[in-house]
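User: I'd like to learn how to read a pocket, a helix and a sheet in a model. Can you walk me through it?

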Amino acid sequence: MSRDRKEERTGFQESAPYHPDYDLQTDFVMVYGIDESMPERIKQWKDKGYIVHLMTGVAWGEYNDYLDGEVDGIPHWDEAQTDRHQQMILHGNKPVIPYMVPTISFGRYLAERIRIAVDAGVKAIHLEEPEFWVNGGYSEAFKREWQLYYKESWIPPHASPDAQYRASKLKAYLYTRALDRLCAEMKDYALQRYGRVLRFYVPTHSLINYTQWRIVSPQSQLVELASIDGYIAQIWTGTSRTANVYEGVRKERTFETAYLEYGVMQELVRGTDRRMWFLHDPIEDNPNYTWADYKRNYLKTVVASLLHPGVAHYEVAPWPRRIFQGTYPTEEGSGKERIPADYATTLLQVMHTLGNLDQNVTETDKNPLQVGVLIADSAMFQRMKPDPEAPNPGKYDGTDPEGFQEEGDTELLDFSPFYGLALPLLKHGVPVRPLLLDNVRRYPGYLAPYDVLVLSYEFIKPQYPDVHYVLAQWVQDGGALIYVGDDSDPYHDIRAWWNLDQEEGRSGTKYHSPREHLFEQIGLKEKVGGVHRIGKGGMVWLNEHPAEFTRSRAGADRLRQSVQDIIAELNPPAIQWQPRPYFKIRRGPYIIASALNESVSEEFLVIPGPVVDLFDSKLSVLSQVVLKPGEHALLYDVEAGRPTNGEVSLIAASSRIESLSESGAGFQFSAKGPARLQATARLYCKVKPVSVHYIVQGQAVSAAWEWDPDSQTVLVQYEHGIENHAEVHVRWSS
């Protein structure tokens, strides 16, 4: 039997009405957008058995009635995000759709729109992408918010690092305020009016991507809001193919970037009761790639996400209409084509498999070393847009505010300080995870699972000094800390707690950088090089900018050597440096693996069978799988998943399988999925069938099937028909 839809393990978002071509048969659907058609769209999907949520943009949308003053008689175009040249920052221009400054007035407008969705009976609401661009902050509405928040006149964000940092911090606060007020008000409305507990979620890009793309958004701040029930991690090929630099080579590294993006989103909710769905997208917003390119990168993101077993809920696709009805360039470039049949089948197999990933047994291919690279919301606050005309393309010298930059143009775009700390370890098979510095002070024991931490304040800043007390105690208790930084970041001079005596009317101890305060708490004097024993733990200080570790193999090796040195010095039980050119974990009967390129070696990863290849549209049973560098796999271990009672049982299918029942003559099941698409299912079957057929639209159709005697499984191929439903009958006796 299929799982209960109420578990909401899988879902998708769609702005169009119901259509049988993209009836994916997930647990829930997020009807997108609030307009006159919304109630009818909600009804259509609900009538098809879906749990219905609603998704709408919170930073942008077709809000022209509000902007033009039709709602309250006051024009609100001054609330559009505006850059330093007084140009609106647009999400679309037909009609003109600007990104918004989330004022109190705009929040009231959104509340009235959301109220319509609440009245329509949705179970949950997703407020998508609270985004404020770094190069914004020049509109009249933002100037007013600055004056209210900082109690001083507005300062242009490009005037200095301090102005840029404070502007971005305000941007994050404004969206935190807007979401808290909106969600709390609508929850109260739903409970009072309908006796219904309404849930709110925030679909958001990862902190890593927002920082690299130079967008500010509340990330960990939302965890502190009681009105927010969780997130969707909007990670897909469009974010993860963003280029970065490793060992001096700048290029797309979709798998590695996705691994880090999904990792930081898992960390966002670790230790909380908040829900997290991981998003995958079989294509992406850019319509200019081929189906082969989309597939190759999609599979990388799927594997990257499944290597983080702390999350087992998934948005299987945004906009399935564009997947199953859209056309994209052919390999020959001679035109466009619809989705290839085998890719469509593979997609559906993966989507339905994702609903089964909540497994009690999780095993890693042993690498006991657990390393965290610390990142924080403040990374988004240090991302001034590069200016090619700047006379000083390196560091800010205080003389030319118009030319201020954090780094050179390329490094700013590549987010090299972060990737310089993460990729050298990830590429050698170390399961490194981005940890949220802001969570260190929120959750006792947050750092307990980790043996080594890597930290730099050259691209993030601690919002409060008490994180250092936690870090110091963690080191004293046996942790190994590697600090990377040369105090060259101009943002060290912002008005902050570590240099309080710079603020008028306040006094305190001044530190040149927050690093000095951290070292003081740990008890490390100003010494560079080597491992310093501190209590039961230790510390290494690499006195250079973290971006240096991206520029050459020698740089990456220096970081890796520091990890090896501190492990060797501390000699913790059972912790070793074990580089390897792959990742592999088991989640119940599922094996997830990735063979790394640019790694410690070019050796192949061999996985013994029998296994079923879930990326193969024919669900082939293989005696072994051999992955070359750069290849990835999602497999089903036939023996690990075999039912002990010998009954017929499903291994995988490109349909939602329901009502599986066995009799003396054979077995049958109900299969549901998109209309007319080729579907497959592989099942344990102890007896070789003699015939297989399926019934669609009341007619019996002979089905193709293959019996595998070694694994005692059968592959069945069929179609869902125009009614999205087929009854499959397998007979092993007449």
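Analyst: Sure, we'll take the pocket, then a helix, then a sheet, keeping in mind that this is a predicted model.

User: How much space lies in the largest pocket, and which residues are closest to its centre?

Analyst: With a pocket, start with volume and then look at the lining. Here the largest pocket holds about 820 Å³ of space. Its lining has 39 residues, and Tyr-32, Trp-60, His-91, Glu-128 and Trp-319 are the closest to the centre.

User: What classes of residue make up the lining of the largest pocket?

Analyst: The split is 14 nonpolar, twelve polar and 13 charged residues. As for strands, E3 (51–57), E4 (90–93) and E14 (314–318) each give at least two residues to that lining, and E4 has the largest share, with three.

User: Next, helices. How far does H5 reach from its first C-alpha to its last?

Analyst: The trick is to compare the span with what 1.5 Å a residue would give. Helix H5 (residues 161–194) has 34 residues and spans 49 Å, close to the expected 50 Å. Right after H5 comes Gly-195, with a positive phi near 65°.

User: And the sheet: in what order do the five strands run?

Analyst: Strands of a sheet pair through backbone hydrogen bonds, either parallel or antiparallel. This open sheet is antiparallel and goes E30-E31-E37-E33-E34. E30 (656–663) and E34 (699–702) are the edge strands, each pairing on one side only. From one strand to the next, the twist averages 20°.

User: How many bridges link E31 and E37?

Analyst: Seven, joining E31 (residues 666–672) to E37 (residues 725–731) in the antiparallel sense. To find your place, look for Ser-670, which stands opposite Glu-727 in E37.

Note on methods. Residues numbered from 1 in each chain as written. Predicted model: local features only at pLDDT ≥ 70, side-chain atom pairs only at ≥ 80, totals over all residues. Heavy atoms only, no water. 1 Å grid on protein atoms, 1.4 Å probe; cavity = no way out; pocket = protein on both sides within 12 Å on 5 of 7 lines; lining within 4 Å. Points joined across faces, edges and corners; volume = space filled by probe spheres on them. Helix = DSSP H or I, 4+ residues; strand = E, 2+ residues; numbered from the N terminus. Nonpolar A, V, L, I, M, F, W, Y, C, P; charged D, E, K, R; others polar. Expected span 1.5 Å × (residues − 1). Pairing = 2+ DSSP bridges. Axes fitted to C-alpha atoms, helices over the stretch in contact; angles between N-to-C directions.
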